[in-house]
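Let's walk through this structure together, beginning with its cysteines and then moving on to a sheet and a helix. Keep the view open as you read.

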Amino acid sequence: VTLRVLAVDDSRTIRDMVRYALESAGMSVVTANDGEEGVTAFGAADFDAVITDINMPRLDGFGVIARIRSAPRNSRVPVLVLTTENGDALKLRARDSGATGWLVKPFDDDELVDVVRRVAGR
Amino acid sequence: MSRDALRDTFFCECEDLLDALHSGLATLADGTGDGETVNALFRAVHSIKGAAGAFGLNDLVRFAHRYETVLDALRAGRLEAGDDAVRILLRAADTLADLVAASQAGTDPEAPVEPVLVALQALLGADARPEDAEPAFEFVPLALSPVAVDPVALGPSDVGATLGIRFRPHAGFYRNGHDPLSYIAALEDLGDARVSCDTSGLPPLDGYDVDGSFLVWSVELSTTRTAAEIGEVFAFAEGLCELEISSGHDRCPTLPEPPRPAAGPAAAPQAIPDPVPSPTAPAPVAAPRTRQQPAAAARPTLRVDIDRIDKLVNTVGELIINQAALAERLSDLGLTLPTDLLSDLDDYRLLARDIQEAVMGIRAQPVKSLFQRMSRIVRETAEATGKDVRLITTGEETEVDKTVIEHLADPLTHMIRNAVDHGIEIAAQRRAAGKPERGTVRLSAEHQSGSVIIRIADDGAGLDRARILETAIRKGLLPPGAEPSDSDIDHLLFAPGFSTAAAVTDLSGRGVGMDVVKTAITALGGRVGIESRPGNGSTFSIVLPLTLAVLDGMVVSVAGQTMVVPISCIVETIRPERGSLKRIGRNNHVLLIRGTFVPVIDLAQRLGHPRPAFDPSASVILLVRSISGALAAMAVERISDHRQVVIKSLEENYGRIPGISAATILGDGRIALIVDPETLAAGGGVALPDDKEKTRVEHV
């Protein structure tokens with residue numbers, strides 16, 4: 001079964017890198033350019049996992065997680081935060097918002113694939 | 001997609017982010033910025049940092065990190081956006097751009113980075129904290145309550161030992177998207193697992209809470225791993241479940257062992273949180289931003305290889321030619337065509353024109369990026385000359401062909417440096433002249449009747465005409481005693497070998513004069529002019545074609561050949577009266593136009609079509625103005641048409657031909673040469689453009 005992943009990041013480079021890593025591992029990736037787009041994309045299709053940045057225009061990563069968790073549909077999809085931030089306060093806030101995990105950029109392709117497979121129940 | 005393609009994407013994105021950074025800083029400098037401006041600045045630098053790390057660009061990451069820390073202090077209100085702070089932020093943006101460029105080229109940055117890092121650090125002042133290196137990839141669990149772990153209980157287990165694992169998720173475990181199955185699967189990877197599920201906690205169906213958590217799993221795991229390693233599996237879910245790992249018969253509630261550098265994400269529960277804040281973590285982000293930021297909501301774009309676009313431009317050119325040919329053939333047939341066919345043909349023509357314009361639009365880019373680079377030039381030149389100068393730009397959205405923008409950077413840089421270095425006076429002089437101490441350079445772009453006009457205006461002292469004239473005479477550019485008009489004197493600046501600066505300065509006097517600027521602009525099919533107001537400054541104007549692919553031309557006959565003269569340089573067309581022509585020497589003529597004598601150029605003779613007798617009075621005269629502002633009367637036999645022609649370069653196959661700039665294919669399939677009035681007016685590209693200038697001065 002092909003895992004479907006939604007990647008939300010305002011950086012084109014990071015979006016492409018995530019796409020490259022996951023698609024190389026046989027996953028299917030949809031990208032969104034900011035939080036608002038991410039929430040819209042999430043509502044438009046079923047995903048096995050979501051990867052989101054924190055610092056984004058319009059709606060930040062915490063907002064993305066909160067909106068996904070409050071949606072009646074797919075509210076239990078794993079949501080991974082992928083960010084350069086590494087502060088505990090932010091991590092706690094992400095957890096309280098409903099994040100499933102926290103990944104720090106830069107990332108290794110194989111490790112990202114492992115983590116996504118893990119949280120998405122492979 | 002490859003790693004290289006990702007790298008390309010990164011540098012493309014950096015360009016956009018640096019643009020956004022510069023725009024935001026300009027807003028901040030104007031004092032019109034708000035909270036969202038600073039947020040956007042932060043995000044731009046943050047994005048560069050984030051992606052740069054992925055490519056191991058450590059210098060870039062290090063600088064971006066410091067920069068970001070300052071912007072974070074600014075957005076948290078710990079730092080004021082005063083003049084000094086903004087100046088340093090602007091300088092840091094330049095350095096960041098340098099670092100990006102250096103990273104891309106694999107070279108060292110243009111200017112030293114360290115002083116800027118120091119300046120940024122100084123801004124942070126008391127807010128400064130020591131910085132860590134960027135963390136390597138690590139999976140950091142969402143850990144809350146640290147639990148003391150008994151090291152004895154977690155000692156290495158014996159080979160083949162059996163561990164008992166009891167795992168009871170809380171409701172929050174499911175809410176956060178965790179799945180017990182994935183944890184059990186992870187345990188199965190570590191050894192031989194016997195799994196059982198305790199369903200006794202399940203309530204009866206009629207009172208069932210779908211969001212509740214009622215199941216408890218027990219796993220007996222035969223493994224060589226330690227209890228700590230097993231605990232790491234649950235790092236994702238820490239705080240969201242109860243976990244007991246017991247070794248042998250000693251049941252010992254435990255949680256994963258604290259920090260230990262781990263090999264992979266699945267095995268890397270890093271740090272139970274320590275009260276010491278992470279130095280890399282900015283202050284908590286404010287409440288989710290709901291304000292719309294127009295610039296951030298970028299329209300989707302598609303990046304296309306430039307060769308493909310050029311091929312399209314070329315093919316569309318052929319289409320236009322083909323359309324013209326078809327129309328001409330049909331009209332040659334002399335048939336009375338049905339109205340609907342004529343209307344279809346007309347649609348074809350209009351559609352072809354629309355496609356052409358759309359395709360040209362693809363190559364067009366706003367001059368914004370170019371203008372932003374100039375603000376740096378102004379800052380650097382002002383700093384080096386000890387002047388206070390601001391740059392005001394307008395018309396940044398004006399679009400110009402990409403190639404034009406690329407080739408405009410050098411000449412524009414030179415002109416901007418000149419404006420600051422030579423144009424703007426030092427503060428004392430400005431004060432004495434009753435002007436504000438702070439000088440102003442205005443850079444503007446606008447579309448005007450099929451051309452783009454870029455103006456560089458300073459509010460300095462204007463040109464010193466007496467000195468220019470003296471220099472020109474001394475250098476033999478003008479005969480002694482010449483009395484050219486003010487405008488002619490000003491245009492002497494563009495003459496080759498002319499340099500005004502009495503003392504050659506480090507900045508603008510690097511042995512290149514305005515003639516190099518003129519050559520560069522001319523090569524783009526453009527023209528440059530100057531207007532100086534003594535005491536009030538000078539304005540340089542660059543007139544450029546909108547596109548390099550199509551030209552508005554006058555189709556003329558010369559010695560039986562069809563040729564094209566660019567409309568842009570034709571001032572007027574004249575049928576000369578007999579009395580207005582004067583013969584000078586054996587074969588030369590001048591034309592008297594409104595009291596001024598203008599040399600007549602016999603186009604046929606200049607292009608090597610000898611004829612027994614040339615009678616200028618039987619010719620049509622095209623009055624052309626060269627870039628230097630000088631007039632010349634170009635004699636042709638007949639004007640046959642005015643049309644847009646597609647430029648086909650000859651240079652690649654034939655080299656540069658004096659008097660001819662390119663060729664085109666006419667509607668009937670014949671090739672017509674496009675004449676280059678610049679070199680023709682200058683005597684076939686041999687003599688200096690100022691030759692005719694001398695002629696004029698002598699005969700008036």
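**Cysteines, a sheet and a helix**

A good place to start is Cys197(B), which counts as partly exposed, with a relative accessibility of 35%. Keep in mind that this is a predicted model. Cys12(B) is likewise partly exposed, here with a relative accessible area of 24%.

Why does Cys12(B) form no bond with Cys14(B)? The closest cysteine sulfur to that of Cys12(B) is in Cys14(B), and at 9.4 Å it is too far away for a bond. A disulfide would need the two sulfur atoms within 2.5 Å. Over all chains, the count of disulfides is zero.

Now turn to the sheet in chain B. Four strands make up this open sheet, in the order β2-β3-β1-β4, and their pairing is antiparallel. The edge positions belong to β2 (192-198) and β4 (241-247) of chain B; each has a single partner strand, so one side of each is left without a neighbour in the sheet. From one strand to the next, the twist averages 15°.

To see one pairing in detail, follow β1 of chain B, residues 161-169. Seven bridges join this strand to β4(B), and the two run antiparallel. Along the way you can find Gly164(B), which stands opposite Ser246(B) in β4(B).

Finally, look for the helix that accompanies these strands. Helix α7 of chain B, residues 180-190, lies across β1, β2 and β3 (216-223) of chain B. Relative to β3(B), helix α7 of chain B runs at about 15°.

Note on methods:
Residues numbered from 1 in each chain as written. Chains lettered and ligands numbered in written order. Predicted model: local features only at pLDDT ≥ 70, side-chain atom pairs only at ≥ 80, totals over all residues. Heavy atoms only, no water. Buried < 20%, exposed > 50% of the residue type's maximum accessible area, 1.4 Å probe, protein only. Pairing = 2+ DSSP bridges. Axes fitted to C-alpha atoms, helices over the stretch in contact; angles between N-to-C directions. Contact = heavy atoms within 4.5 Å.
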